[in-house]
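Trainee: I would like a close look at a single part of this structure, explained slowly enough that I can follow it on the model.

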Amino acid sequence: MLLAATTARAFDFMAQTSAGQWLYYTVIGEDTVKLVNPNWDSHVQPSGVLQIPAMVTSNNINYHVTAIDENAFRSCSELTLVIIPEGITSIGRMAFAYCTALDSIVLPSTLTYIGSMAFTSTAFFSGDHLTAEGLLIAGDYLIGARTNLTGIVTVPEGIQGLGNMAFYACGNLDRVILPSGLRFIGENAFQDCLNLDTLELREATPPSLASNAFTHAENTVILVPCNNAEAYLDKENWSDLIIVEHCPADIPQPGDNKLAVTITDGGIIINGNSAFTVSDIMGRQIAECNGGFVALPKHGIYFVSTPGMKSAKVVY
């Protein structure tokens with residue numbers, strides 16, 4: 001008996017860009033496709049400037065290009081610039097990994113997912129593109145950070161999403177402040193941030209959150225804008241975290257027994273006329289005093305209280 005072996009093709013069809021480069025597609029919906037890796041060892045790799053089309057036609061059907069598959073352009077070592085059009089929502093894991101000459105990337109505002117190591121080992125991933133704070137930003141997205149970051153890091157306004165593993169293994173970070181307008185936080189974004197006490201969000205609408213974003217950092221306190229805790233708790237994956245509303249003006253002044261708390265280097269200064277206790281977010285007592293300076297062990301949420309008075313929440 002003669003046996004015939006067949007090999008499934010890695011793509012549904014191919015089409016040329018306006019510059020004559022061949023790209024390869026798999027149909028994923030009635031009128032949508034994703035870019036895939038055809039096995040570049042057997043096909044001519046795109047080089048130089050690659051402008052990915054927003055739409056492509058095959059067999060008289062017009063398809064919207066909505067995704068770039070994992071490994072789609074892996075090791076296309078002669079790419080120098082990639083322009084990804086509006087309408088693409090996801091870039092898969094290692095999609096452009098080892099494109100060693102890739103120095104410039106244009107990303108669309110429609111992205112909701114940037115896979116792990118999507119741009120690893122590219123020229124863009126070099127230190128030349130890091131901000132002064134040690135953040136790697138492509139367009140409106142934060143896709144990486146130096147693992148030796150310490151203290152408090154503020155992500156700039158205008159950033160719309162954190163790619164997978166954005167702050168992976170930043171073990172010495174105390175606090176990260178995220179901007180308004182943030183739309184998504186990717187997989188493993190804060191994994192192994194072992195000392196991350198607080199993550200402060202300034203966006204009232206909860207961004208989408210990957211279920212494993214805080215692996216080995218599950219005790220991080222999540223600060224959200226006033227009156228928005230319920231919205232976060234109702235959003236998928238947020239309810240498993242410690243959600244605290246951040247209300248900077250939430251300092252009670254009950255009658256004559258007024259309380260004022262000032263944040264300063266190393267701790268807080270309490271001004272008042274009573275005995276005070278200071279506790280952390282877990283209810284552990286940090287200090288008892290009659291006012292004055294109280295040293296705090298690390299950044300986080302603290303409560304200052306006195307008998308007969310509601311506790312004042314302090315974000316240090």
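In strand S8, which residue is the bridge partner of Ala-67?

Mentor: Please keep in mind that this is a predicted model. The bridge partner of Ala-67 in S8 is Ser-90, and to place that pair we can look at strand S6, which spans residues 61-68, together with the strands that pair with S6. Strand S8, made up of residues 90-91, runs parallel to S6 and is joined to S6 by 2 bridges. Strand S3, covering residues 32-35, also runs parallel to S6, and here 4 bridges make the connection. Within that pairing, Lys-34 is the residue that stands opposite Ala-67 in S6, so that Ala-67 has Lys-34 opposite and Ser-90 as its bridge partner in S8.

Strand S5, residues 55-58, pairs with S6 as well, but in the antiparallel sense, over 4 bridges. If you look for Val-56 on the model, you will find that its bridge partner in S6 is Tyr-63. S5 and S6 form a hairpin with 2 residues between the strands, and in this hairpin Asn-59 takes a positive phi near 50°.

When you follow any such strand by eye, it helps to remember that in a regular strand the side chains alternate between the two faces of the sheet. To trace S6 on the model, then, begin from the hairpin with S5, find Tyr-63 across from Val-56, and go on to Ala-67, whose partner in S8 is Ser-90.

Note on methods. Residues are numbered from 1 along each chain as its sequence is written. This is a predicted model: local features need pLDDT of at least 70, side-chain atom pairs count only at pLDDT 80 or more; totals for chains, interfaces and linings use all residues. Side-chain values use heavy atoms; hydrogens and water are left out. Two strands pair if DSSP finds at least two bridges between them.
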